[in-house]
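Let us go through this model by question and answer. Cavities come first, then rings, helices and backbone.

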Amino acid sequence: MPKTELWTGIAIAAALTAAFAYARGSAKKSQKRKNEVTASALAFFEPSRTRTIETPSAKYTCYEYGPPVTSAKSVILYLHGVPGSRLVPIPGLNALCLEKSILLISPDRIGFGDSKRFGSEESNNVSEFNKFATELFHKLDVEAARFVRVIVVGYSLGAPLALGLLQVIPPDSHRVSSVHIIAPVGFTSSTGSLAGVVLPNRVSHWMVRYAPNVLKGGWAVFGSFIASGDGYIDAMIAGSGKADRDGMTDLDILAWKLTTRETMKQGTRAFVSNVLEFFGKDAPSGWGFNVRALLKDHENIPVHFYHGNHDVITPIFASEELVELLGLKETDALTAYPDPSLGHFGIVKKVVLDIVSGSLQ
């Protein structure tokens, strides 16, 4: 590692540590009441069932919200971000899915929650995930005794998986009825792209792209401390913007704490590797597929983006950049939400509930 990067990294690591400590303390003070949630609240996050899918190289654990595929009107495949897990951080989601007869399937990424890779061989996360998706679709067809169409939803770092899934969908197939991308990751730090983003998040964006070795080392040293308890998600929520934070209910905050605990359940290695693979300097070329060419081959599948104008975790520039990269018309392909409460946390709840209720399908 060059000396310049080393000393820069040490300074940045110190700044980030201070920022996390400040944010964590601020979060504890401002959210003391919100953290006092009784155990009975856990019922708001219970899925209908758990499903396990095995491929030759991995085991995926999924939560299923809503009715079984045999009686579901529609099926949604939800791909979480980072942090995130099979536990979708939306209180009451299962009840709404049952009411609307919608089956929502949410898998853990490899290394998150209860999903595990067999052996030690590493592979691209997109190609690995596509093995899971292929097996899942086959099982759904068999159980339903019909060809099952799927609505794909990718949130934040779930966007690359949602788009990469099209690699195993024949262009003339009707398997995927639509793809919905919510607050996706971005790729550049060009002038204006991080406007409005709070300083700790600007530093994080810079480190991911230009000092990945420092990031790896920092997580190796501080990762267990940051991931312990609820400190990491407390810091993220505290830095998400006042309106976004204030718009979260007691149960919303509990939901994010629970899903973040699953994120770090097996340690922080998968967390870091996913961030670097999908958000690092080689993105999106490092994803292992040509995003624009893939979408051109699947012109029959509608792809739409949703982003909050006040998102300070992943700014709206990220969606604008992806829409341009894919050759889409921004006015048709991107819905921007001006409501300040629909930042990086608020928007996923809004959009997923709208999709389940049928207003965005």
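Q: How many nonpolar, polar and charged residues are in the lining of the largest cavity?
A: This is a predicted model, in which local features need pLDDT of at least 70 and side-chain atom pairs pLDDT 80 or more, while totals for chains, interfaces and linings use all residues. Residues are numbered from 1 along each chain as its sequence is written, and side-chain values use heavy atoms, without hydrogens or water. Ala, Val, Leu, Ile, Met, Phe, Trp, Tyr, Cys and Pro count as nonpolar, Asp, Glu, Lys and Arg as charged, and the others, Gly among them, as polar. By class, the lining of the largest cavity has five nonpolar, two polar and two charged residues.

Q: What is the volume of the largest cavity?
A: A cavity is a set of points, on a 1 Å grid over the protein atoms alone, where a 1.4 Å probe fits but cannot get out. Points are joined across faces, edges and corners, and a volume is the space filled by probe spheres set on them. Two cavities of 30 Å³ or more are counted. The largest has a volume of about 60 Å³.

Q: Which helix supplies the largest share of the lining of the largest cavity?
A: Lining residues have an atom within 4 Å of a cavity point. Here they are Tyr60, Arg109, Ile110, Asn125, Glu128, Phe129, Leu161, Asn274 and Phe278. Helices are DSSP runs (H or I, at least four residues), strands likewise (E, at least two), numbered from the N terminus; α4 (125-144) and α11 (269-279) each supply at least two lining residues. The largest share, three residues, comes from α4.

Q: What is the distance between the end C-alpha atoms of α4?
A: The expected span of a helix is 1.5 Å times one less than its number of residues. For the 20 residues of α4 that gives 28 Å. The end C-alpha atoms agree with this, at 28 Å.

Q: Which residue follows α4, and what is its phi?
A: The loop between α4 and β6 (150-155) holds Ala145. Ala145 is exposed (over 50% relative accessible area, 1.4 Å probe, protein chains only), with a value of 70%. The residue that follows α4 is Ala145, with a positive phi near 55 degrees.

Q: Is the pair of Tyr63 and Tyr65 edge-to-face or stacked?
A: Nine aromatic pairs are found in the whole structure. Rings of Phe, Tyr and Trp (its six-membered ring) pair if their centres lie within 6.5 Å; planes under 30 degrees apart are stacked, over 60 edge-to-face and the rest tilted. Tyr63 and Tyr65 have ring centres 6.3 Å apart and planes at 85 degrees, so the pair is edge-to-face.

Q: What are the relative accessible areas of Trp287 and Phe289?
A: The rings of Trp287 and Phe289 have centres 5.8 Å apart and planes at 40 degrees, so this pair is tilted. Buried means under 20% relative accessible area. Both residues are buried, Trp287 at 0% and Phe289 at 10%.

Q: Which residue lies over the face of Tyr63?
A: A charge sits over a ring if NZ of Lys or CZ of Arg is within 6 Å of the ring centre and within 35 degrees of the ring normal. Tyr63 itself is buried, at 15%. At 4.7 Å from its ring centre lies Arg86.

Q: How many of the 14 residues of α10 are buried?
A: Helix α10 (residues 250-263) reaches 20 Å from first C-alpha to last, close to the 20 Å expected. Its buried residues include Asp252, Trp256, Lys257 and Glu262. The helix is largely enclosed by the rest of the structure, because the buried count is eleven.

Q: Which residues does the cis peptide bond with omega of about 5 degrees join?
A: The loop between β3 (74-79) and α3 (93-100) contains the proline of this bond, Pro83. The bond joins Val82 and Pro83.

Q: How far apart are the C-alpha atoms of Leu322 and Gly186?
A: Leu322 is in helix α13 (residues 317-325). At 0% relative accessibility, Leu322 counts as buried. Leu322 and Gly186 are 136 residues apart along the chain, and their C-alpha atoms are separated by 7.5 Å.

Key. 1 Å grid on protein atoms, 1.4 Å probe; cavity = no way out; pocket = protein on both sides within 12 Å on 5 of 7 lines; lining within 4 Å.
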